[in-house]
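Here are my notes on the model you sent round. I've kept them as numbered points so you can follow along with the structure open.

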Amino acid sequence: MIYKTIVQNILTYGSEVWQILNRELNRILATEMDVLRRPAQKSRLERIKNETIKEIMGVKDDSYIIDVIEQKRLIWYEDTNRMSDKRLSELIMEWIPEERR
């Protein structure tokens with residue numbers, strides 16, 4: 001319960017507009033597992049699989065943090081599309097840079 005209400009919200013704050021590269025994706029997943037390992041009192045040196053840690057913490061059936069981020073992005077995109085064309089977020093979403101640096 002605490003995982004969904006606190007940890008997921010902290011890890012995904014503002015994720016609607018993030019541009020996530022593989023490096024950041026790996027950091028998010030590593031942070032998620034670190035947060036789950038600490039209360040379970042299981043070290044990475046014990047070589048326990050991530051799925052096992054999630055089972056111990058009772059979040060096995062919960063969606064992965066990346067799925068939560070994708071869902072938030074889709075909701076934000078739908079909300080932005082419903083806005084009028086003159087709103088700042090709509091203009092930013094459709095903006096294309098003129099040239100590369």
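1. A quick word on naming before anything else: helices here are DSSP runs of at least four residues, numbered from the N terminus. With that in hand, Tyr13 can be placed in the loop between H1 and H2. Keep in mind throughout that this is a predicted model.

2. What does the chain consist of, in helices and strands? It has 5 helices and 0 strands, so there is no strand to look for, given how DSSP runs are counted here. Going along the sequence, the pattern reads α-α-α-α-α.

3. On overall shape, the radius of gyration is 18 Å, whereas a compact globule of 101 residues would come out near 13 Å. The C-alpha trace spans about 55 × 35 × 15 Å along its principal axes. Buried residues account for 20% of the 101 residues. The accessible surface is about 8,500 Å², and carbon and sulfur atoms contribute 53% of that.

4. How much of the contact set links residues far along the sequence, at least 24 apart? Taking contacts between residues at least 6 apart in sequence, 46% join residues at least 24 apart. Two pairs with a long sequence separation come up in the points below.

5. Now for H1, which covers residues 2-11 and includes Tyr3. Is Tyr3 buried or exposed? It counts as buried, because its relative accessibility is 6% and the cut-off for buried is under 20%. Tyr3 and Met57 are 54 residues apart along the chain, yet their C-alpha atoms are separated by 8.9 Å.

6. Gln8 is also found in helix H1. This glutamine is buried too, because its relative accessibility is 8%. Which residues does Gln8 touch, leaving aside neighbours within four places in sequence? The contacts are Tyr3, Ser63, Ile65 and Val68. So if you're looking at Gln8 on screen, check Tyr3 as well, since the two are in contact by the 4.5 Å heavy-atom criterion.

7. Back to Tyr13 in the H1-H2 loop. In contrast to the buried Tyr3, Tyr13 counts as exposed, at 68% relative accessibility. Its C-alpha lies 9.8 Å from that of Lys72, with the two positions 59 residues apart in sequence numbering.

8. The helix pair to look at is H2 (residues 22-40) with H4 (residues 65-82): their axes come within 10 Å and cross at roughly 120°. The two helices are therefore oblique to each other. On the H2 side the contact is made by Leu25, Ile28, Leu29 and Glu32, and on the H4 side by Ile65, Ile66 and Ile69. By type, these residues divide into 6 nonpolar, no polar and 1 charged. Ile65 also appears in the contact list of Gln8.

9. Two backbone angles deserve a look, both in the loop between H2 and H3. Gln41 sits in that loop and has a positive phi of about 55° although it is not a glycine. Arg47 is found in the loop as well, and its phi is near 55°, again a positive value in a residue other than glycine.

10. Are those two residues buried or exposed? Gln41 is exposed, with a relative accessible area of 68%. Arg47 counts as exposed because its relative accessibility is 77%, and the cut-off for exposed is over 50%.

Notes: Residues numbered from 1 in each chain as written. Predicted model: local features only at pLDDT ≥ 70, side-chain atom pairs only at ≥ 80, totals over all residues. Heavy atoms only, no water. Buried < 20%, exposed > 50% of the residue type's maximum accessible area, 1.4 Å probe, protein only. Axes fitted to C-alpha atoms, helices over the stretch in contact; angles between N-to-C directions. Parallel < 35°, antiparallel > 145°, perpendicular 65-115°, else oblique. Nonpolar A, V, L, I, M, F, W, Y, C, P; charged D, E, K, R; others polar. Rg over C-alpha atoms; globule rule 2.2 N^0.38 Å. Areas by Shrake-Rupley, 256 points an atom, 1.4 Å probe, with all protein chains shown as cover.
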